[in-house]
Amino acid sequence: MTDGDADLEFSPQVMRSMGEDVVKRVVDHLATIGEQPARGNVDAADLCRALREPAPEDGTDLAPLLDALFDEWIPRSYNTASPGYLAYIPGGGVFPGALADLIAAGINRYTGVWLTAPALVQLEANALDWLREWMRFPAGSRGLFTTGGSTANFSAIVCARERLLGAELRRGTMYLSSETHHSVGKSARLAGILPDRVRSIAVDAQFRMRVDALHDAIERDRAAGFLPFLVVSSAGTTNTGAVDPMREISALCRAGGLWHHVDGAYGASFHLCPELRPLLAGLPDADSLTLDPHKGLFLPYGSGALLVRDGEALRAAHSETASYMPENRQGDEFYDPHQYGPDLSRNFRGLRVWLAFKLYGAARYRAALAEKRRLALDAAQRIAALPHVVMDAPPQLSLFAFHLAWPGSTLADEDAATRELLERVTRRGKVIITGCHAGGRFLARVCVLSFRTHQDRIDDCVTHVAEESAAIVARHAGAWRPA
Ligand SMILES: *Cc1c(COP(=O)(O)O)cnc(C)c1O
């Protein structure tokens with residue numbers, strides 16, 4: 001061991017060469033992303049066992065590590081970056097996001113505190129302010145870039161709890177729908193709101209929260225001595241893409257002194273397009289809003305965002321300081337991230353959002369979002385017209401859900417056939433679609449939100465659903481054929 005070994009810096013020449021190797025691998029991977037199966041072979045438990053190893057005592061060259069990563073391990077994953085990824089909630093991961101991460105980690109500046117990197121923090125503040133403007137939140141709003149939608153929902157619940165409950169934690173009750181994303185219940189628990197204080201409100205035939213049932217539940221809790229404090233509605237549910245009646249819910253919350261949080265992790269980004277705003281009526285009335293830039297703004301995973309109408313409430317929930325912290329003599333003029341969220345040291349995650357918007361411009365984002373909506377409408381219309389398909393949830397935004405049925409089929413037959421359809425369509429390799437339980441049955445769902453998905457892939461999806469559903473129903477229904 002020499003002092004030379006203690007120096008971890010690479011020479012500029014070596015850094016450049018390593019960087020070029022990595023960029024080449026990533027670009028080669030992306031250049032063929034459309035031909036790679038939409039679902040890789042993830043039957044990999046034996047591989048994972050074989051991968052376990054003690055910490056290496058001596059270093060290795062980069063090249064064999066990149067070989068293993070790109071040739072063996074990356075292909076063994078759901079291809080969430082594929083144009084054929086119509087499962088769960090896609091996004092894709094635009095290349096400027098990767099560039100921004102390289103810059104952010106490469107320079108490694110401290111962006112948790114305004115004073116230590118003022119211009120960089122300002123870029124992040126700008127990106128938040130653009131989101132605020134597109135969501136039509138007022139100027140006094142403040143926000144936060146988070147690791148994802150789950151953590152944005154968490155900070156929103158903490159904010160509402162601090163503002164409206166204080167020490168009365170156990171008297172507080174909150175309301176969500178039976179279709180709300182599971183991260184909301186989890187976040188509530190993390191925020192000290194235990195499951196016995198979380199009320200699940202019934203949905204209507206289109207899977208939207210029923211405002212009459214919400215009203216009744218709040219009144220019941222009040223009469224029983226509880227403190228109803230928070231309603232979480234969804235601007236696009238994960239199961240079927242349902243958009244809750246946000247305007248009515250906001251009015252009800254305002255009248256009753258409750259906080260209205262909108263979980264827009266899937267759907268809020270469609271508010272960028274003025275022509276699509278009517279689909280999200282009432283979204284700007286909310287007290288807080290979760291967005292997930294790694295879904296509807298197509299960024300790589302690790303990008304969520306929260307907007308809070310009353311910026312002071314967000315600060316009051318998170319603000320702390322200590323004698324060893326740099327003194328902020330600027331007062332309130334500049335956005336200071338650690339005063340608005342749980343992190344102190346953090347990655348410079350706003351750079352991804354900023355760089356992507358600067359490189360593309362908002363107009364191209366709007367065009368991409370409008371295209372996803374159009375493609376979803378097209379796919380839903382063609383799939384709904386297929387024999388044996390029942391469209392349970394037409395697209396309210398860019399997600400729809402359906403099941404298979406035929407004369408004489410039972411619920412169990414239909415669930416089994418619909419599951420089989422997902423598997424067979426996905427096995428063909430061009431698209432991956434997944435399912436959910438809603439309305440008492442199993443549904444196949446198609447979500448169009450990858451920036452890489454275009455008409456050709458939607459045509460593959462419709463063709464494969466048509467062919468596979470015909471084959472499945474022919475077998476299940478035996479000799480029966482449509483007249
Ligand atoms: C994806 C999603 C979440 C969770 O977001 P993550 O970024 O995965 O943490 C929450 N709500 C809805 C509606 C979602 O679609």
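Colleague: Happy to start with one residue: in which helix is the place of Asp 221?

Modeller: This is a predicted model, where local features need pLDDT of at least 70, side-chain atom pairs count only at pLDDT 80 or more, and totals for chains, interfaces and linings use all residues. Residues are numbered from 1 along each chain as its sequence is written, and side-chain values use heavy atoms, with hydrogens and water left out. Helices here are DSSP runs of H or I with at least four residues, numbered from the N terminus. Residues 211–223 form the one that holds Asp 221, helix 9.

Colleague: Is Asp 221 buried or exposed?

Modeller: Buried means under 20% relative accessible area, exposed over 50%, and partly exposed in between, with a 1.4 Å probe and protein chains only. Asp 221 has 7% relative accessibility, so it counts as buried.

Colleague: Which residues is Asp 221 in contact with, leaving aside its neighbours within four places in sequence?

Modeller: Contact means heavy atoms within 4.5 Å. With those sequence neighbours set aside, the partners of Asp 221 are Thr 173, Tyr 175, Arg 199, Phe 226 and Pro 228.

Colleague: Now to the ligand: how far is one of its oxygen atoms from an N or O atom in the side chain of Ser 150?

Modeller: A polar contact is a pair of N or O atoms within 3.5 Å. Ser 150 is also among the residues that come nearest to the ligand. For its side chain, the distance to a ligand oxygen is 2.6 Å.

Colleague: And which helix gives the largest share of the shell around the ligand?

Modeller: Helix 7 (149–164) and helix 11 (293–296) each give two or more residues to that shell. The largest share, 3 residues, comes from helix 7.

Terms used
A residue is near a molecule or strand if one of its heavy atoms lies within 4 Å of it. A polar contact is a pair of N or O atoms within 3.5 Å; within protein, one must be able to donate a hydrogen and the other to accept it, and residues adjacent in sequence count only if both atoms are side-chain atoms.
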